[in-house]
Amino acid sequence: MRIVLLGPPGAGKGTQAERIVAARAVPHISTGDILRANVREGTELGATAKRYMDAGELVPDDVIVGMVGGRLDEPDAVSGFLLDGFPRTVPQARALEELVDGRGTPIDVVLRMVVDRDELVGRLTGRRTCGECGRVFHVEHRPPATEGACDDCGGALVQRDDDRDDVVVNRLEVYRTQTEPLERFYWERGLLRDVQATGTVDEVTDRALAALAAHDPGPAS
Ligand code: AP5
């Protein structure tokens, strides 16, 4: 199955993606994670991307489209994938459409994760991420067993540079102006399915998997 996860910063895309890919046996392709890995490794792409990410702005479309095109060429993505954080602009969506339709493997479904703005701000500013393995926690909703340390690897938990209050406000505005138009883009193509993304993480997962099962029973049914 080829799935796009659409939703504002803090909607829980990364959190749900981990669970959906386990249920659906497809790779998780997160443009944010790929960019952050490049920043950590000090690549040229990472250096370019960091300037935009730290300001809460989008990395230019040509950079992102080239990066995702390369990732979709890898063997594990041939029979399906879950895209998290891509596309994020109409030109990115058109480029993706061209790529997958050209291969005869169109997108099956776009899950739009719906959360109120006030809740988003609290989720983002309270998020803590393991600097070693990338696992995501929240100071209130998903605290680690030991304060400041990752449950999985013991690495130090840090706040993402773009989760500072001022940057969060800009990211939400960038989403409204540049990414929300994709809702219409995919609605017009009959691909958009809403998932209410408030409540517990388990409740949201159940709704997301139900939305996918309504489209295609798949291995999770
Ligand atoms: P990216 O990493 O994609 O960030 P984002 O879309 O802003 O999404 P987040 O990772 O902030 O949130 P999420 O929805 O994954 O939420 P999470 O599950 O962590 O992009 C970062 C930057 O990279 C962009 O700003 C841009 O610069 C660049 N970029 C990336 N892709 C790009 C593209 N295509 N084009 C151009 N630039 C691009 O959850 C958030 C918190 O809430 C966590 O603490 C979690 O524990 C908690 N939480 C999750 N679910 C629940 C729940 N049900 N109840 C309570 N708390 C919850």
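Two strands count as paired here if DSSP finds at least two bridges between them. Helices (H or I, at least four residues) and strands (E, at least two) are DSSP runs, numbered from the N terminus. This is a predicted model, in which local features need pLDDT of at least 70 and side-chain atom pairs count only at pLDDT 80 or more, while totals for chains, interfaces and linings use all residues. Residues are numbered from 1 along each chain as its sequence is written, and side-chain values use heavy atoms, with hydrogens and water left out.

Let's start at strand 1, residues 2-6. Four parallel bridges join strand 1 to strand 4 (residues 109-114), with Leu6 standing opposite Arg112. Strand 1 also pairs with strand 3 (residues 81-84), again in the parallel sense and over four bridges; here Arg2 stands opposite Phe81.

Now look at how strand 1 is covered. Five of its five residues are buried, meaning under 20% relative accessible area (exposed is over 50%, partly exposed in between; 1.4 Å probe, protein chains only). In a regular strand the side chains alternate between the two faces of the sheet. On one side of strand 1 sit Arg2, Val4 and Leu6, on the other Ile3 and Leu5, and all are buried.

From there, move to helix 1 (residues 13-24), where you will find Gln16. Gln16 is buried too, at a relative accessible area of 3%. Leaving aside residues up to four places away in sequence, Gln16 touches Met113, Val201, Val204 and Thr205, where contact means heavy atoms within 4.5 Å. The Gln16 side chain also reaches the backbone oxygen of Val201 at 3.2 Å.

Definitions and conventions:
A polar contact is a pair of N or O atoms within 3.5 Å; within protein, one must be able to donate a hydrogen and the other to accept it, and residues adjacent in sequence count only if both atoms are side-chain atoms.
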